[in-house]
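This report is meant for a reader who is new to the structure shown below. It moves from the general make-up of one chain to single residues, helix packing and rings.

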2 protein chains.
Amino acid sequence: MSAKAVKTSNKTNKEQSDASDGPAPQHSVVIDLSAVIVTVESETPFVLVVERKDAKGGKKSYGLPFGPFDPDLHRTLEIGLRTWVEEQTYLHLGYVEQLYTFGDRGRSDIGASGDSRIISVGYLALTREAPELSAPDNVWHNWYRYFPWEDWRDHKPEILEERIEPTLGQWADEETDNVIKQQRWDRTRLCFGLDGMPWDEEKVLERYELLYEAGLVSEAQRDQGLPVDEERGLGQAMMSDQRRILATGMGRLRSKLKYRPVVFELMPPVFTLLNLQRTVEAISGVHLHKQNFRRLVEKGGLVEGTGKKTTQTAGRPAEEFRFRWEVMRERPAPGFRVRSSSRS
Amino acid sequence: MSAKAVKTSNKTNKEQSDASDGPAPQHSVVIDLSAVIVTVESETPFVLVVERKDAKGGKKSYGLPFGPFDPDLHRTLEIGLRTWVEEQTYLHLGYVEQLYTFGDRGRSDIGASGDSRIISVGYLALTREAPELSAPDNVWHNWYRYFPWEDWRDHKPEILEERIEPTLGQWADEETDNVIKQQRWDRTRLCFGLDGMPWDEEKVLERYELLYEAGLVSEAQRDQGLPVDEERGLGQAMMSDQRRILATGMGRLRSKLKYRPVVFELMPPVFTLLNLQRTVEAISGVHLHKQNFRRLVEKGGLVEGTGKKTTQTAGRPAEEFRFRWEVMRERPAPGFRVRSSSRS
DNA sequence: TCCTTTATACTCGTTTTGAGCATATATGGG
DNA sequence: CCCATATATGCTCAAAACGAGTATAAAGGA
């Protein structure tokens, strides 16, 4: 760290204690770039994870791919990310978007005891590549493996009524302070759509954070140094606070779907409207009304028919469509303002 | 930087060149936290800026307040930010939200020649404090001083037709590659609402980036090492790439307004509906239809009347309202889905 | 009193949305 | 060939939301 940089930073920090221009300040920071790389295949949203040997047992543990940011090599953070992802995963990334910068002490099991603080800049990336094409260490996982309560496509996931709702209720009730108790109930109701509140598929992160606070995901025990009971933790855990980054990515993608035509980054060049709908549903985790979806997509000018028909399907052949790139030049915020429907 | 952290980061980077566990890697990184601190007073959105002596001339130069993140002192980035802001500005921050992490080489005039790369994590913070209360170095500036083309409340800003539109058109036309020329025109039309495209008040960052690319803001000349003509640059410049951070903050706040009740962080405990509307208008920079705004706010359950009436105003006294906190517990995303109207 | 100013109630046509019905066209089994 | 089944696609219909007003109320000042 240069003296110049420290000095500059302290221009507005006259009272700050560490204004000494010593060459190596006691605190140091490492920047990691973490990637939520998503693809959709057979109506399933996949996220790329890397297997890592657990420090203690030989248990399999998974985490998001990440790599250090090297300021000497890369002009921007995004370039750094794209470079190492494409080098290591052999994937071509289409859409890339910065998610959030995470730097909580105590929510990381790597470097936690070292003298260096790790700051993770999370990125969301979309790719159309087939799951087979990736490098050996990499695995594609259905993202609902980490968030089983987020898939409402067929029905409300049983885990909610069987485990999440009762345990969260208990957690709220065991609080003695009535104000906090009320807040816990309110958050639970709002996040998980209790008492007639609607299920908001975008609140992936809020739900995960609530479960973390209530100690229902095993990262919570791990971060407190408590013994981890694999069976009790909801969903599969990830190393460090990477499940939080994944939750952020899922929520962001679900939200972005509605006002930007990002789904097409996940679609083949030609597709049927049902293909498209299934992809949107896979990501958003809710079921959509077919006819209204079609109306939205066609009236919004997002696609154009190719004139050709599919043959493979069981029923009447569907027309094949392609994305209308021109829509990006015509409308300010084209997307699917999807709202989940009861049943078809 | 510890060897351990480097090693951990390289688990997924076997091919990476700097896998040596040397104690001090050649590249180092400093994290700065920059704050876009906003308040609204007399129908004007103010942002807190700090005066800094320019390196060359004695010219006054302004930038956002920022300070280093000290990983030893603070558990999270947000805590770090809140701490130094409250220490140095004597302001109480209400709402705080992370914006984006900026780390482009060459868009910073500080530390650019040093051997340390500065990564800025931008934050948006809202406060209700009166502009007078801040510390000596700090100044509140109308944010439209930096973005004069963003204030459409009274009329379309003249700067658009007089300078921005013609110069952007020229910039697009002087491109010889027809594909790129088309893209430049498309972006211009979309960002600035040409040819009947609507003005989207949320695209603050996109517009700034376009002006930067076209060389119409003086940061663009500065970053290329060209002489800076104060008169030609649009809006007032800021040091480093802080006007970009401000643009991000403005856009984010304008967008957030629509689905979260954040305006109330900027309002006194009791206010009239016109007060509220003027505050929303000040931020979003567009004029709203009074009766429809009222309908939205009241039907949405965002406020409740106190029964008392104002006296100060010219015309008929207005009822005073307060924010209904309960709405946060009732609805998933309460806010103002405002759409600008022609004229009242 | 009348004029100006702001507040507030109400209307009205249009668009958007949610939900469903009806019909068309394929497949595979008898 | 006819039928059950599956998917595709066209169309309706009522409710809600939206955009743009008009009309009336209640204050102060000339």
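Contact, as used throughout this report, means heavy atoms within 4.5 Å. With that meaning, B:Ser284 touches B:Tyr144, B:Glu201 and B:Arg254, when residues up to four places away in sequence are not counted. This is a predicted model, in which local features need pLDDT of at least 70 and side-chain atom pairs count only at pLDDT 80 or more, while totals for chains, interfaces and linings use all residues. Residues are numbered from 1 along each chain as its sequence is written, chains are lettered from A and ligands numbered from 1 in the order in which they are written, and side-chain values use heavy atoms, with hydrogens and water left out.

## Chain A in outline

Chain A has 10 helices and nine strands, where helices (H or I, at least four residues) and strands (E, at least two) are DSSP runs numbered from the N terminus. Of the 344 residues in chain A, 56% are buried; buried means under 20% relative accessible area, exposed means over 50%, and partly exposed lies in between, with a 1.4 Å probe and protein chains only. Among the contacts in chain A with a separation of 6 or more, 64% are between residues 24 or more positions apart. The accessible surface of chain A comes to about 15,800 Å², and 49% of it belongs to carbon and sulfur atoms; such areas come from the Shrake-Rupley method with a 1.4 Å probe, and for residues only the protein chains shown count as cover.

## Selected buried residues

The table gathers four residues with their places and their relative accessible areas.

| Residue | Place | Relative accessible area |
|---|---|---|
| B:Ser284 | helix 8 (residues 273-284) of chain B | 1% |
| A:Gly193 | loop between helix 4 (178-192) and helix 5 (204-213) of chain A | 17% |
| B:Val47 | strand 2 (residues 44-53) of chain B | 0% |
| B:Leu246 | helix 7 of chain B | 0% |

Leaving aside neighbours within four places in sequence, A:Gly193 is in contact with A:Thr188 and A:Pro198. On the same terms, B:Val47 touches a set of residues including B:Val36, B:Ile37, B:Leu64, B:Trp140 and B:Leu246. The C-alpha atoms of B:Val47 and B:Ile37 are separated by 5.5 Å, although the two lie 10 residues apart along the chain. B:Leu246 in turn is in contact with B:Val36, B:Val47, B:Leu64, B:Tyr146, B:Phe147 and B:Met238, again without its neighbours within four places in sequence. B:Leu246 and B:Leu99 are 147 residues apart in sequence and 9.7 Å apart in space, C-alpha to C-alpha.

## Helix packing

Helix 5 (residues 204-213) of chain B is mostly covered, with seven of its 10 residues buried. These are B:Val204, B:Arg207, B:Tyr208, B:Glu209, B:Leu210, B:Leu211 and B:Tyr212, and what covers them includes helix 3 (158-173), helix 4 (178-192), helix 6 (218-223) and helix 7 (242-256) of chain B. After helix 5 of chain B comes B:Gly215, whose phi is positive, near 75°.

How do helix 5 and helix 7 of chain B pack? Their axes are 7 Å apart and the angle is about 150°, which makes helix 5 of chain B roughly antiparallel to helix 7 of chain B. Axes here are lines fitted to C-alpha atoms, for helices over the stretch in contact, and angles run from 0 to 180 degrees between N-to-C directions. Angles under 35 degrees count as roughly parallel, over 145 as roughly antiparallel, 65 to 115 as roughly perpendicular and the rest as oblique. Residues of helix 5 of chain B including B:Val204, B:Leu205 and B:Tyr208 meet residues of helix 7 of chain B, among them B:Arg243, B:Ala247 and B:Arg254.

In chain A, the axes of helix 8 (residues 273-284) and helix 9 (residues 290-299) come within 11 Å and cross at roughly 105°, and these two helices are therefore roughly perpendicular to each other.

## Rings and charges

A search of the whole structure finds 20 aromatic pairs over all chains. Rings of Phe, Tyr and Trp (its six-membered ring) pair if their centres lie within 6.5 Å; planes under 30 degrees apart count as stacked, over 60 as edge-to-face and the rest as tilted. One tilted pair is formed by B:Tyr100 and B:Phe102, at 5.1 Å centre to centre and 55° between the planes. B:Tyr100 is partly exposed, with a relative accessible area of 29%, whereas B:Phe102 is buried, at 5%. In chain A, A:Phe147, A:Trp149, A:Tyr208 and A:Tyr212 form one aromatic cluster.

A charge sits over a ring if NZ of Lys or CZ of Arg is within 6 Å of the ring centre and within 35 degrees of the ring normal. The charged end of A:Arg145 sits over the ring of A:Tyr62, 5.6 Å from its centre, and A:Arg207 lies over the face of A:Trp199, at 3.7 Å from the ring centre.
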